[in-house]
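Welcome! Let's take a friendly walk through the strands of this protein.

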Amino acid sequence: MAKQVFAAERYFPTKADPALFENINRVKDPANKSPLEKTHAPFITAPRKVKAGEPFPVEVSVGENVHPMGPTHWIEFIELNIGNEPAGRVDFQSNGYLNPKATFTVVLKKESAAGGKITLIAHQRCNLHGYWESSLDIDVA
Ligand SMILES: [Fe+2]
């Protein structure tokens, strides 16, 4: 007889830490990341200086050490905000076909970068370890 998997076990595993679901999780000390932070904080790769109107790639990986993907523990989505404005989101299934990485092609308007700077903000959600945020400031000429 095939092993039965009960919905409660599958979707609400006992290993989930409720404290990680109370707030947005962020790296506390960038020079000294914990193993959980290295695997869960979105890792943003983007040029540090861009020109308004010219497309450039922003890669968001979860995390610095790529997070596992499988039926009991996976990354549900990655989001990218430009400043406070949501720009896009990629959803993942738990079947493990995809690594938790996404590349967005971004074009900034000069007027969206007050003072010649803008903050890229990435989020991800892990089914066991909550919602995480990282950011990167870039210069816009
Ligand atoms: Fe996780």
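What follows describes an open sheet and a second group of paired strands.

This is a predicted model, in which local features need pLDDT of at least 70, side-chain atom pairs count only at pLDDT 80 or more, and totals for chains, interfaces and linings use all residues. Residues are numbered from 1 along each chain as its sequence is written, and side-chain values use heavy atoms, without hydrogens and water.

Let's begin with the open sheet, whose three strands come in the order β1-β3-β6 with antiparallel pairing. Strands here are DSSP runs (E, at least two residues), numbered from the N terminus, and two strands pair if DSSP finds at least two bridges between them. Because β1 (42-45) and β6 (101-106) each have a single partner strand, one side of each is left without a neighbour in the sheet.

In β1, Pro 42 and Ile 44 form the covered face, while Phe 43 and Thr 45 form the uncovered one. Two residues of β1 can be followed across to β3: Ile 44 has Val 60 as its bridge partner, and Thr 45 stands opposite Glu 59.

Now for β4 (residues 75-82): seven of its eight residues are buried (under 20% relative accessible area, 1.4 Å probe, protein chains only), so β4 is largely enclosed by the rest of the structure. In β7, Ala 122 is the bridge partner of Leu 80, and in β5, Pro 86 stands opposite Asn 81. The hairpin of β4 and β5 has two residues between the strands, and Gly 83 takes a positive phi near 60° there.

Here are the pairings side by side.

| Strand pair | Sense | Bridges |
|---|---|---|
| β1 and β3 (residues 56-62) | antiparallel | four bridges |
| β4 and β7 (residues 117-126) | antiparallel | seven bridges |
| β4 and β5 (residues 85-91) | antiparallel | six bridges |

Conventions: Buried < 20%, exposed > 50% of the residue type's maximum accessible area, 1.4 Å probe, protein only.
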